[in-house]
Amino acid sequence: MADSSAPLQEGAEATVKRNPHPDFKAVEASRPPFDTSKHFNYTQTPKPDWKPGQGANDSSKLQETHREIDPFAPGRPLINNYKLLISGVIPRPIGFISTLSHDGTANLAPYSFFNVISHNPPLFILGVSGGYQQPKDTLANLIETKECVINMISEEFIEAANYTALNSPPGVSEWPLSGLTPAKSKLVKPDRVQEAIFSVEAKLVETREWESKVEPGRRTGVLAIIEGVKFWVREDAVNEEGSLIDPAVLKPISRLGGIAYGRVTESFELPRPDYDQETKDPNIAKLAKLEADGQ
Ligand SMILES: Cc1cc2nc3c(=O)[nH]c(=O)nc-3n(C[C@H](O)[C@H](O)[C@H](O)COP(=O)(O)O)c2cc1C
C-alpha cells in the first residue's frame, strides 16, 4: 500500500516531501562512495577523565537558547511534527516485517516506529500510520494472521530493504521486487529474510488505534505489540552461548530524518555505575547527599 509513514496525509508521499533533492541521483553522484573499508571499531569515550558532577563536556553550549514549539500551534502544518520527530529521535532501529495475507500473498516492509521493549517475554512495538479502516498491508496481515517475522536490516541489503517501502497495491508481493531470499520459519507461516543476520519469529499480542488531537474521529495510527517466539542469528555473528551479536558482522542500518540512513562504524564502552561502589568516594557521596538534603 501507499507509503505513509507520516501520521497524517496517509498515502501522500508527494505531500510529505521527504526527499529534499530535486535530482537525488545528481546529489548522490557528488558524494564520496560508500566506504566498505570502514570497519567497526571501538574508541575511548569523548572524555575518559569525566568525573561525577561534571556535567556535559562542553559547557559553553549552555548559553544556547531553545525554541519552544507547540505541536498544535495555529498555522503549524501537522506534517512538520512528523518531520521534526523523525529527525530528532534518531537513530531509529528498523523492523523489516515479513507477513502473509489471508490469501497467501507474502508482504515485506520496513518500519522505523519500532523497538524492543521487553525480554521476558520478548516484546516489540510497531507504529503503523493510518487506522484500522485503511490499514497498510503489514497491519492488515498482522491483524488477520497474528503472525510476522521481524528482520534487522544490515548494510549489505539496505537498497533492497528500502525498495520494499514501494507503494505497491495489496496482492503485489515486495519479495521478488526486492530480490531478497525467503527462508522458512519454524513457528510462524511468514518467511524470514535469509540475508538478515538477526530475525525474530513473532506473534501479535494486541493493537491500539490512535486518534488525531486536532481532527476528532480521524484515526492516524496503530500501535502493535508483538511477542518474539523464536530467534534466528547468523552463525558468524553470534557468540557460543547465543547471548551476544557482533555489531561488526550485523552492520545495522538505522533510520535518521528525511530520507537519511545511518551506519554504525564506531563505538565506545562505558561501565554502568553502581551506587554503593561509587559513594565510597567521599566527593561522590557528598554530591549524592546534596539532593537528599534539598540543597
Ligand atoms: C526505513 C523506513 C521506515 C519506515 N517506517 C515506517 C513506520 O514506522 N510506520 C509506517 O507506517 N510506515 C513506515 N514506512 C513506510 C512503509 O514502509 C510503507 O508505507 C510501505 O509501503 C508499507 O508497506 P505495507 O503496506 O506492505 O505494509 C517506512 C519506510 C521506510 C523506507
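## Exercises on a predicted model

The side chains of D49 and K47 form a salt bridge, with 3.5 Å from N to O. The structure is a predicted model, and the exercises below begin with this pair.

**Exercise 1.** Decide whether D49 and K47 are buried, partly exposed or exposed.

*Solution.* Step one is to recall the cut-offs, since buried means under 20% relative accessible area and exposed means over 50%, with partly exposed in between. Step two is to place D49, which at 46% relative accessibility counts as partly exposed. Step three is to place K47, which has a relative accessible area of 30% and is therefore partly exposed as well.

**Exercise 2.** Describe the surroundings of the salt bridge between D191 and K184, and then say which strands hold E209 and R219.

*Solution.* Begin with the general idea that side chains of opposite charge can pair when their charged atoms come close. For D191 and K184 the N to O distance is 3.1 Å. D191 has a relative accessible area of 18% and is buried, whereas K184, with 64%, is exposed. Next, turn to E209 and R219, whose side chains meet in a salt bridge at 3.6 Å, N to O. E209 belongs to strand β9 and R219 to strand β10, so this pair ties together parts that are ten residues apart in sequence. R219 is partly exposed, with a relative accessible area of 39%, and a network of salt bridges links E209, E211 and R219. The count of salt bridges comes to nine.

**Exercise 3.** Work out how strand β2 (residues 95–100) sits in the structure, and to which strands it is joined.

*Solution.* First look at burial: six of the six residues of β2 are buried, so the strand is largely enclosed by the rest of the structure. Then look at direction, remembering that in a regular strand the side chains alternate between the two faces of the sheet. In β2, G95, I97 and T99 point one way, while F96, S98 and L100 point the other way, and all are buried. Now consider the neighbours, for β2 runs antiparallel to strand β3 (residues 106–111), to which six bridges join it, and it also runs antiparallel to strand β6 (residues 147–152), to which four bridges join it. G95 shows both pairings, since its bridge partner in β3 is Y111 and its bridge partner in β6 is M152. Finally, the hairpin of β2 and β3 has five residues between the strands, and there G104 takes a positive phi near 90 degrees.

**Exercise 4.** Find which residues of helix α4 (residues 137–145) are buried, and name the strands against which they pack.

*Solution.* The buried residues in α4 are D137, T138, L139, N141 and L142. These buried residues pack against β2, β3, β5 (122–129), β6, β9 (198–211) and β10 (219–233). After the helix comes K146, which has a positive phi near 65 degrees.

**Exercise 5.** Name the residues of the nonpolar patch on the surface, and say where L177 is placed.

*Solution.* The patch is formed by Y163, V172 and L177, which together have about 250 Å² of accessible area. L177 lies in helix α6 (residues 174–178), and its relative accessible area of 42% makes it partly exposed.

**Exercise 6.** State what the UniProt record places at residues 87–246, and describe the chain there.

*Solution.* The UniProt record, an unreviewed entry, places the feature "domain: Flavin reductase like" at residues 87–246. Over residues 87–246 the chain is 14% helix and 41% strand, and the end C-alpha atoms lie 27 Å apart.

Conventions: Residues are numbered from 1 along each chain as its sequence is written. This is a predicted model: local features need pLDDT of at least 70, side-chain atom pairs count only at pLDDT 80 or more; totals for chains, interfaces and linings use all residues. Side-chain values use heavy atoms; hydrogens and water are left out. Buried means under 20% relative accessible area, exposed over 50%, partly exposed in between (1.4 Å probe, protein chains only). Helices (H or I, at least four residues) and strands (E, at least two) are DSSP runs, numbered from the N terminus. Two strands pair if DSSP finds at least two bridges between them. Contact means heavy atoms within 4.5 Å. UniProt positions are given in the numbering used here, feature names are shortened, and annotations may be inferred rather than shown by experiment. Patches are made of residues with over 30% relative accessible area and no salt bridge: like charges are joined within 9 Å, nonpolar side chains (Val, Leu, Ile, Met, Phe, Trp, Tyr) within 5 Å. Accessible areas come from the Shrake-Rupley method with a 1.4 Å probe; for residues, only the protein chains shown count as cover. A salt bridge is a side-chain nitrogen of Lys or Arg within 4 Å of a carboxyl oxygen of Asp or Glu.
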